[in-house]
Amino acid sequence: MVFILGLNFPESRLVKSALQSFYGVGPQHTERLMAKLYIHKTARVGSLADKQVLDLTAELSSMTIENDLRRKLQDNIRRLRDMGAYRGRRHAMGLPVRGQRTRTQTATAAKLNKVERYG
């Protein structure tokens, strides 16, 4: 087991998929991070040297990921709601925010905006 930024990963797991398991780190961030640290695309977590693991942890800790990113998104939505912007009101009502159709097919938006409706 390799310990990266508070999570244990099995040694057989690909580095790419391990990095993408963090909220806010997608395929492009993963590719850039691996290229920056000279890690091969098909490398496994167990094959990383200790220095590479430390560098990877340092890079990830400097990024806005996981709870910090979730909190930032919630603060942005709360700010929109507090100032009474159109987008904030749509979030508060659980309706589509980006101009989608509301005559039918609003179930997805209601699911996604459910968290912000009460609060």
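Helices (H or I, at least four residues) and strands (E, at least two) are taken here as DSSP runs, numbered from the N terminus. The structure is a predicted model, so local features are kept only at a pLDDT of at least 70 and side-chain atom pairs only at pLDDT 80 or more, while totals for chains, interfaces and linings use all residues. Residues are numbered from 1 along each chain as its sequence is written, and side-chain values use heavy atoms, with hydrogens and water left out.

On confidence, pLDDT is the predictor's own score for each residue, from 0 to 100. The protein averages 90, and 95% of the residues reach at least 70. Among the elements, helix 2 (residues 27-36) has the highest mean pLDDT, 97, and helix 7 (residues 114-117) the lowest, 56.

Next, the core. A nonpolar core is a set of buried Ala, Val, Leu, Ile, Met, Phe, Trp, Tyr and Cys residues joined through side-chain atoms within 4.5 Å; buried means under 20% relative accessible area, exposed over 50%, and partly exposed in between (1.4 Å probe, protein chains only). The largest such core holds 19 residues, and those with the most contacts inside it are Ile-4, Val-15, Leu-19, Ile-39, Leu-56 and Leu-60. Strand 1 (2-4), helix 1 (15-20), helix 2 and helix 3 (50-62) each give two or more residues to this core. Leu-60 shows what the contacts look like (heavy atoms within 4.5 Å): leaving out neighbours within four places in sequence, Leu-60 meets Ile-4, Leu-5, Leu-19, Phe-22, Val-25, Leu-33 and Ile-65.

Thr-30 sits in helix 2 and is buried, with a relative accessible area of 0%. A polar atom of its side chain is 2.7 Å from the backbone oxygen of Gly-26. Not counting residues up to four places away in sequence, Thr-30 also touches Lys-16, Leu-19, Gln-20 and Val-25.

The loop between helix 2 and helix 3 holds another threonine, Thr-42, which counts as exposed at 53% relative accessibility. The side chains of Thr-42 and His-40 share a polar contact of 2.9 Å. The term stands for a pair of N or O atoms within 3.5 Å; within protein, one must be able to donate a hydrogen and the other to accept it, and residues adjacent in sequence count only if both atoms are side-chain atoms. Arg-13 is 29 residues from Thr-42 along the chain, with 9.8 Å between their C-alpha atoms.

Then there are the helix faces. Helix 4 (residues 67-82) has 16 residues and runs 22 Å from first C-alpha to last, close to the 22 Å expected (1.5 Å times one less than the number of residues). Its buried residues are Leu-69, Ile-77 and Leu-80. They cover an arc of only 75 degrees, which puts them on the same side of helix 4; the arc is that of the directions from the helix axis to the C-beta atoms. In helix 5 (residues 86-93), Gly-88, Arg-90 and His-91 are buried. These fall within an arc of 160 degrees, so they line one face of helix 5.

Finally, the backbone. Most residues other than glycine have a negative phi. Gly-84, following helix 4, has a positive phi near 75 degrees, and Gly-94, just after helix 5, takes a positive phi of about 75 degrees. Leu-5 is not a glycine, yet its phi is positive, about 50 degrees; Leu-5 lies in the loop between strand 1 and strand 2 (7-9) and is partly exposed at 30% relative accessibility. Tyr-38, also not a glycine, has a positive phi of about 55 degrees. Tyr-38 is in the loop between helix 2 and helix 3 and is exposed, at 74% relative accessibility.
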